[in-house]
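Please take me through this model in the viewer, one selection at a time. I would like to know what to pick at each stop and what is there.

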Amino acid sequence: MEKRVLLGMSGGIDSSVAAMKLQEAGYEVTGVTLRLHDDGGRGAEEAARLADRLGIAHFEYDAREAFEAQVVRYFTEEYLAGRTPVPCTVCNNRLKWPLLARLADERGIRSIATGHYVRKVCHDGRWYIAPAADADKDQSFFLWGLKQDILERMLLPMGDLTKVEARAYAACRGFQRVAVKKDSLGVCFCPMDYRAFLRRAVPADRLPGRGAFLYENGAFLGWHEGYPFYTVGQRRGLGIHLNRAVYVKKTCRERNEVVLAPLASLYRTEMWLKDWNLVDEARVLGSGTVIVKIRYRKQANRCLVSRTDDDRLHVRLLDPLEAVASGQAAAFYDAEGLLLGGGIIL
Ligand SMILES: Nc1ncnc2c1ncn2[C@@H]1O[C@H](COP(=O)(O)OP(=O)(O)OP(=O)(O)O)[C@@H](O)[C@H]1O
């Protein structure tokens, strides 16, 4: 059996522990650090140092151009279009995993790995992403777009570990620095509030100026800073004080308006998806209820899914769902938590 694997190494704790686990399982590991944005090369340095200590090969690959075009520009353009982007989903599905596969192919390596907290299982001849042992760290939500050609090659050494176990394992192997590393938070190229990022990254003449906050009945409530700075479901930071809680119900790019409403008005019973991917269509389309998640955490609603004439997915929500934002992702799961697929909300 071939025992070579290409591992994406960010320099963080999870991919570092993944390297040790793969090595322990008998794999000849090659590590690659993708340079995605300007982090001063810190991730690559840390990964190279670890690789050196473990005695594994490591190289850096400059993917800044692809990342800028496919993830960063997509991110800003989505906000300018009045939608709410999902950069980590897009990066994983369209850039990171396909690139790992290509770099592995170039080296004649079959298996590809990351430090993602997910597992995979084979069911009726097809591979599915399954939830991680550590429910709190499970990252399956970001991987619904991966196809069989990637899924079958994936090795996921962190799927069976909890984060606490991962830290203890690193410490026990003598990698104290790895064991106490901080968890990375949020979007890697935009650790700050996305609004500050937009102001920095988008030329001022492309950002709209102030516009009207309207109540859902059309009444004028005050001024806002421009529709891209507000997302559906947002309550905090509106800069407007009413004697009741209001949320962003929708934004209107053409008129630069932001419509506010009480939470009860934000519930929806259906949505449509584009750019969808399903592992096995028969397990989702017209085959009874499945679970849909539109948020990474703490939400799971039952739904019925069908395909429309124009090749979109129609999702009928049996449990209404609030704050369904266009541009966000919806991921489908079965009752056991297997990831069945997903798509982008229209
Ligand atoms: N710049 C990168 N180059 C190569 N692989 C990467 C890079 N960034 C992330 N990965 C891979 O994708 C996995 C998940 O990335 P994510 O950003 O969610 O990291 P994380 O959970 O903070 O993991 P880590 O602790 O390894 O940074 C990582 O464990 C790593 O294997």
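The tour below goes from a sheet to an annotated site and ends at a pocket.

Keep in mind throughout that this is a predicted model.

**Stop 1: the sheet**

Select strands β3, β2, β1, β4 and β7, listed here in their order across the sheet. These five strands form an open sheet with parallel pairing. Now colour β3 (57–62) and β7 (154–155), the strands at the edges. Each of these two has a single partner strand, so one side of each is left without a neighbour in the sheet.

**Stop 2: one strand pair**

Narrow the selection to residues 4–8, which are β1, and residues 28–35, which are β2. The two strands pair in the parallel sense, and five bridges join them. For one example, pick Leu6, whose bridge partner in β2 is Thr30.

**Stop 3: a helix across the sheet**

Add residues 42–54, helix α2. Helix α2 lies across β2 and β3, and runs at about 165° to β3.

**Stop 4: the annotated binding site**

An unreviewed UniProt entry places the feature "binding site" at Gly8, Met9, Ser10, Gly11, Gly12, Ile13, Asp14, Ser15, Leu34 and Gly115. Select these positions, then look at two of them, Ile13 and Leu34.

Ile13 belongs to helix α1 (residues 13–24). Is Ile13 buried or exposed? Its relative accessibility is 3%, so Ile13 counts as buried, the cut-off for buried being under 20%. Show the neighbours of Ile13, leaving out residues up to four places away in sequence: Ile13 touches Lys163, Arg167, Val178, Ala179, Lys181 and Asp183.

Leu34 sits in strand β2, a strand already selected at the second stop. Leu34 has a relative accessible area of 15% and is buried. With residues up to four places away in sequence again left out, Leu34 touches Tyr61, Lys96, Leu99 and Leu103. Of these contacts, Tyr61 falls within the range of β3 (57–62).

**Stop 5: the second largest pocket**

Move on to the second largest pocket, which holds about 320 Å³ of space. To centre the view, select Val232, Lys249, Lys250, Thr251 and Val324, the closest to the pocket's centre of the 25 residues that line the pocket.

Which strand gives the most to the lining of this pocket? That strand is β10, with four residues. Show β10 (247–252) together with β12 (267–278), since each supplies at least two residues of the lining.

Definitions and conventions: Residues numbered from 1 in each chain as written. Predicted model: local features only at pLDDT ≥ 70, side-chain atom pairs only at ≥ 80, totals over all residues. Heavy atoms only, no water. Pairing = 2+ DSSP bridges. Contact = heavy atoms within 4.5 Å. Axes fitted to C-alpha atoms, helices over the stretch in contact; angles between N-to-C directions. UniProt positions renumbered as here; feature names shortened; annotations may be inferred. Buried < 20%, exposed > 50% of the residue type's maximum accessible area, 1.4 Å probe, protein only. 1 Å grid on protein atoms, 1.4 Å probe; cavity = no way out; pocket = protein on both sides within 12 Å on 5 of 7 lines; lining within 4 Å. Points joined across faces, edges and corners; volume = space filled by probe spheres on them.
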